[in-house]
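Let's take a walk through this protein together. Have a look at the sequence and the fold, and then we'll start from a single residue.

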Amino acid sequence: MIVNEKVIGNSCGWIGMVLVQGSVLPPTYSILMGNSNNVPPLSMVLAILIGVSLFLIRAILQKDTVAIVSNIVGFITQGLLMCLIVFK
């Protein structure tokens, strides 16, 4: 049985996206619930937010669904972290 390379590539992309974007959720949740005051530096979050935005533009131009979803999730989580840092 021959496995389609596109299916393997997309599967790896979705799994990778869940792992990478999921790593941001526990600290964000902890900060939102008031269980932690340890927030990352604003400069780091801002740099990641800009980078994710640029990757999102690239993904849209290349019509890469996995990258588009991943970058939108990254943009939202990094934006939320930035708001928590600035307004908390």
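Leaving aside its neighbours within four places in sequence, which residues is I31 in contact with? The model here is a predicted one, and in it I31 touches S36, N38, V39, L81, L84 and K88, once neighbours up to four places along the chain are set aside.

Two of those partners turn up again when we look at the core. The largest nonpolar core has six residues in all: V24, I31, V45, L81, L84 and I85. Helix α4 supplies the largest share of that core, three residues. As a general matter, nonpolar side chains in soluble globular proteins tend to be buried together.

Let's stay around I31 for a moment and see how its surroundings pack. The axes of α2 and α4 come within 11 Å and cross at roughly 35 degrees. The crossing of α2 past α4 is left-handed. On the α2 side the contact is made by L25, T28, I31 and L32, and on the α4 side by T77, L80, L81 and L84. Sorted by class, this contact of α2 with α4 has six nonpolar residues, two polar ones and no charged ones.

Another residue to find in α2, which covers residues 25-32, is S30. Is S30 buried or exposed? S30 has a relative accessible area of 19%, and buried means under 20%, so S30 counts as buried. Apart from neighbours within four places in sequence, S30 is in contact with N35 and S36.

Now follow α4 to its next partner. Two packed helices are described by the angle between their axes and the distance between the axes. For helix α3 (residues 42-62) and helix α4 (residues 65-87), the angle is about 155 degrees and the axes are 9 Å apart. That angle makes α3 roughly antiparallel to α4. Here too we have a left-handed crossing, with α3 passing α4. The list of residues in this contact includes L42, V45, L46, I48 and F55 from α3, and A67, I68, F75, L81 and I85 from α4. By class, the contact of α3 with α4 has 18 nonpolar residues, five polar and no charged.

Between α3 and α4 there is a loop, and K63 lies in it. Is K63 buried or exposed? K63 is exposed, with a relative accessible area of 70%. The backbone is worth a look here as well: phi of K63 is near 55 degrees, a positive value in a residue other than glycine. For context, most residues other than glycine have a negative phi.

That leaves helix α1, residues 5-22, which also packs with α4. At what angle do α1 and α4 pack? The angle is about 5 degrees, and the axes are 9 Å apart. The two helices, α1 and α4, are therefore roughly parallel to each other. From α1 come N10, G13, W14, M17 and Q21, and they meet T65, V66, V69, S70, V73, G74 and T77 of α4. The residues in this contact of α1 with α4 divide into five nonpolar, seven polar and no charged.

A few residues help to bring this pairing to life. M17, in helix α1, is buried, with a relative accessible area of 11%. Not counting neighbours within four places in sequence, M17 is in contact with G22, V69 and S70. M17 and A67 are 50 residues apart in sequence, yet their C-alpha atoms are 8.1 Å apart in space. On the α4 side, T77 is buried too, at a relative accessible area of 9%. T77 touches Q21, V24 and L25 when residues up to four places away in sequence are left out.

Not every residue of α1 is buried. V20 sits in α1 and is exposed, with a relative accessible area of 53%. From V20 to S70, again 50 residues along the sequence, the C-alpha atoms are 8.8 Å apart. E5 also belongs to α1 and is exposed, at 69% relative accessible area. How far apart are the C-alpha atoms of E5 and F55? They are separated by 23 Å, with their positions 50 residues apart along the chain.

Terms used
Residues numbered from 1 in each chain as written. Predicted model: local features only at pLDDT ≥ 70, side-chain atom pairs only at ≥ 80, totals over all residues. Heavy atoms only, no water. Helix = DSSP H or I, 4+ residues; strand = E, 2+ residues; numbered from the N terminus. Buried < 20%, exposed > 50% of the residue type's maximum accessible area, 1.4 Å probe, protein only. Contact = heavy atoms within 4.5 Å. Axes fitted to C-alpha atoms, helices over the stretch in contact; angles between N-to-C directions. Parallel < 35°, antiparallel > 145°, perpendicular 65-115°, else oblique. Left-handed = near helix turned anticlockwise from the far one by under 90°. Nonpolar A, V, L, I, M, F, W, Y, C, P; charged D, E, K, R; others polar. Core = buried A, V, L, I, M, F, W, Y, C linked by side-chain atoms within 4.5 Å.
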